[in-house]
Structures are given as structure tokens and as C-alpha cells.
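Colleague: I should like to go through this model with you, beginning with the strands and then turning to the interior.

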Amino acid sequence: MEHEHASVVALGAGDAGKDTMILCCECAVPIQPNPANMCVTCLRNHVDITENIPKQAVLHFCRNCERYLQPPMEWVSASLESRELLAVCLKKLKGLKEVKLVDAGFIWTEQHSKRIKVKLTVHGEITGGTVLQQVFVVEFTVQNQMCTDCHRTEAKDFWRCLVQVRQRAENKKTFYYLEQLILKHKAHENTLGIKPEHGGLDFFYASENHARRMVDFLLTMVPGKVTTSKRLISHDIHSNNYNYKYNWSVEIAPVSKDSAVCLSKKLRHQLGNLSPLCLVNRVSSSIHLIDPFTAQIAELTSQVYFRAPFEAICNPKQLVEYVVMDIDVIMEKDRKTYPGQGQISFKHALCDIWVVRASELGINDNPIHTRSHLGHLLKVGDSVMGYNTGEANINDPEFEKLSPDLIPDVMLVRKHYDRHTRLNQRLWKIKHLAAEATDERSKYDYHEFLDDLEDHADLRGQINIYRDSNKQVPTEVEAASGDVPQITLEEMLEDMTLECADDEMGDGDGGAEEAEPQL
């Protein structure tokens, strides 16, 4: 490698010696005096301050994660001609400690040439106190080498940490909500693999920190508890190093939205004297309960729930359709209040309501009276879903302690809309971590979750909803579907699809020329 530039700087030379000229001791060329008494050309031929610096080196690059190896075992992300890549290149040169580095920069090379050239300017002191400056180029060859993290990713059976997420409940709406939160916040980016299991998902990790971060995310988003275990894989007796496999089991609270629960007497007093039978209004980082007979609401944290856990006595699959025969909204001034009462929901309207089971409409002339929190939604003739608690077979120790006067005949849960109309107007979709379940029970829970997203704007505001390109916007909207809640196009995201038409070279068809790749 030829040196592009070299110069000599005399240390301690005064201004008086500028006009004095001497002859070079090698070639007799007139030069200014310097400690070596040689010109620049002769100095360059006799002395090379860069002889211990390699002019060629190798950079190891991982194509999967696009990182460079920084010795000894660190992989660094760096773009071309960046400061980070320049630092990696300079650390590969061993002889730089013997000289003073003045300047360093990249020389342009073709991106696909697998060559990186760095131009260096160095100062070096030779005999007599003379400082010699040289500019030279080091050429780095980029070689592909898979990093350790990508090795573990490719070896699909290899993992160090396992996070098991389970919900032991009949209804999986809370689990579907958690899945969408993981996708929105990209909490699954560092996983080696995701495997669906009975009752939940398994997340595999190569790093313990990534697994702990996932566990912290899960406990922040939904109420749950975690148990940890580890298993010894190998042990080096010489270096005292242990190799463990870690396992975190996250159990989500076995309740979901619209489930009916029976609270213990102690817990009812803690929550502001709620009724023993309540509905789960929402499940987020805590469990939100609502008393359908007083519109009183309460929030149950994860710690309080697992201190005295309870399960659902009725699940949404047991809902029965009723028809509203008469309704009487109770004004706020007519509500009964008492000392120590908890917070009242102002989004709901308390009402006295008379309903008849939809299957007995026209047969049974005796409507069932109950009290409900759905007075702001219901009117005469509407369909409403509720639990037939008066005739249900419920096995729960707290429920068996209740007197018959505290058990209502019907607990109304939500307003019912025609399923066929909802499916026709559903122009959106959501993504999934794993393959969708095919059994009827899971499909029912999934469609119930989609209905909840349409009914509640605050719930769908936490997840990503995408426009379904396979469905067209209907030109005519049925008159009966005006009351059905829908998700507007402004709330939907466009899903990225890469479509590229085949390049038909030599074909005179104009349609092939107009077809362009669309994003």
C-alpha cells in the first residue's frame, strides 16, 4: 500500500533557521535543517512509522441482525460510514498505540463489494526528535458470520428461559385482550418462538432479562400472579459456572368481562357494601366490578384478588336472551343511599325492568321483574342478554350461603344485537400471535370479544384495529342496523401488504405496464 502523503516537522526549530538551507545527506537536495538532515522522500524510503499497522483486516458481519463483531465477543449495531462502525474498524488495528492518530475517515466503496476502506493520518516520532506524518489506507474485508443470538434463534429447540401464560377459565376474553396488548406494545419482539398450549401460550427466550421484561409487562397489563422455577443443566467445577433453564408461570385471574361473580362478606365490606352478586365490567390491570342492582362500581387490584380469590359463577356462554316488555328509569334523586356506600357509576342508568324470555314470547304472559344498570341503553322491544340465576345450577360456597331473598331471578348483562347484521358490517380485523383456534367454544369467545370491541370505545382504544381489505364498504345500510355499534374507518389502521405484478417483458398488453408494486 503506497503512502499518499508524508511530511517532516522539526521539533524546537526557531524562526532564525528559516532562511538557512542545507543539503540532504542522501540525495543532496537543498532542504531546511531538520534533526535527520534528510528530505521527505529519503525519510519515507528509510523510515516507515506505519510498518506495525496492518493494511488489511477482516470485519465479521451478521446478516440476520445486521451487527458487527467488536472483539472479543460483543456485537454492535452500526450503519455504513457511521461513527460506531469507524470505532469498530479502529479497534481491529493493533499497531495504532505506537503512533498518534490525527484523523480517520471512510473512502467510498460500493455497498455490495464487501470492502470498507478507512483513510488514516498518523504522527510518529523518529530519531532526533523528528515527527513524521503519514497518510495511508486500510482495507477491511467484510465476512459473514452468524452471531450467538442468531444461532440460538435458528436452533428452534434451544432456549434458556420460558414464560408460560395461562388462564384457567371457561371464557377466554381476557386472554384475547392480553394478546392484543402484546401485539400493540411489541412485547414479543425478543422471543425465540411462541407456542400455543392448552389454556394459554408459551414464550421462549434466550436471555433472562428479556423474559423478566415480558413477565413485568404481563403483570402490568392484567391481574395475575407469577411463580418461578429453575433447573440445572450443567455445572463447570473448574470455573464454578452454572447453566440453568428458567421458567416463569404467569396465571391470569380466571374472570372475564360480563362474568357473574359472588363476593364474600368480608370482601363486600371492603368494596363499599356491594351486593353479593356482581358483574365484571372490565378487566385491565385490575378487575372492575359493577353492582347491577345499585349501579355501584368497585375496583379490585391484583393483590387483593389473589389474597381472597373467587371464580365466576356464570360465564357469557350461559347467557339467555330476553325481550324487554316494560322499563322504568329510576331518577338519581329516587335512589337509596346509605353511609359507607361506594362510588356510583354515572355512565349507567338504574331502572326497573320487566322482561320475558325470548323463547317464551307469546306463550308466557307473566314478565319477570328485576333491576338493571342498563337503563341508558334499553327500551321496550329490545333484546337483552342475562343470566337466569333463579333456575341456574350454581356450585359455589359463597353462593350457597346467600338467602333466597338476595338471589334475583334474572341478572341482565348487556344489550343484544343481531349477530348476522354485526358480521356483515364488520369491516375490520385484528392480528394474532399464534394460529386461530378452530373449535366452536373458542370461536364463540372470540366473537364475543370482537363484540366487546365494537361496544366500548375505551377498550378498542388500547389495541390496533386494521382495515379488512377482503370486505367492501356496503353501499346500502339496512334501516334496522342503525342502532348496531360500529367501528368507524377513522379508528382503523391500514395493514401493510406487498403486492407486485409480474413483469411481462415483450408483452404488448397495456394493462401489464400500468400494474405497479403497491404498498
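Colleague: How many bridges join strand β20 to strand β23, and do the two run parallel or antiparallel?
Modeller: Bear in mind that this is a predicted model. In it, β20 (residues 320-329) and β23 (residues 383-387) are joined by 4 bridges and run antiparallel.

Colleague: Which residue in β23 does Y322 stand opposite?
Modeller: Y322 faces V384 there.

Colleague: What is the strand order of the open sheet?
Modeller: The order is β22-β21-β20-β23-β24, making 5 strands with antiparallel pairing. The edges are formed by β22 (368-372) and β24 (411-415), each of which pairs on one side only. From one strand to the next, the twist averages 45°.

Colleague: Turning to the interior, how many residues does the largest nonpolar core have?
Modeller: That core has 38 residues. Among those with the most contacts inside it are V163, V165, F203 and W428.

Colleague: Which elements each supply at least two residues of this core?
Modeller: The strands are β10 (161-166), β12 (200-205) and β14 (241-252), and the helices are α4 (173-185), α5 (208-221) and α10 (440-455). Helix α4 gives the most, with 7 residues.

Colleague: I182 is also listed among the residues with the most contacts inside the core. What is I182 in contact with, leaving aside its neighbours within four places in sequence?
Modeller: I182 is in contact with A187, H188, F203, M214, F217, L218 and L433.

Colleague: And which residues does the second, separate core include?
Modeller: That core of 32 residues includes I49, Y68, V99 and V118.

Technical notes
Residues numbered from 1 in each chain as written. Predicted model: local features only at pLDDT ≥ 70, side-chain atom pairs only at ≥ 80, totals over all residues. Heavy atoms only, no water. Core = buried A, V, L, I, M, F, W, Y, C linked by side-chain atoms within 4.5 Å. Buried < 20%, exposed > 50% of the residue type's maximum accessible area, 1.4 Å probe, protein only. Contact = heavy atoms within 4.5 Å. Pairing = 2+ DSSP bridges. Axes fitted to C-alpha atoms, helices over the stretch in contact; angles between N-to-C directions.
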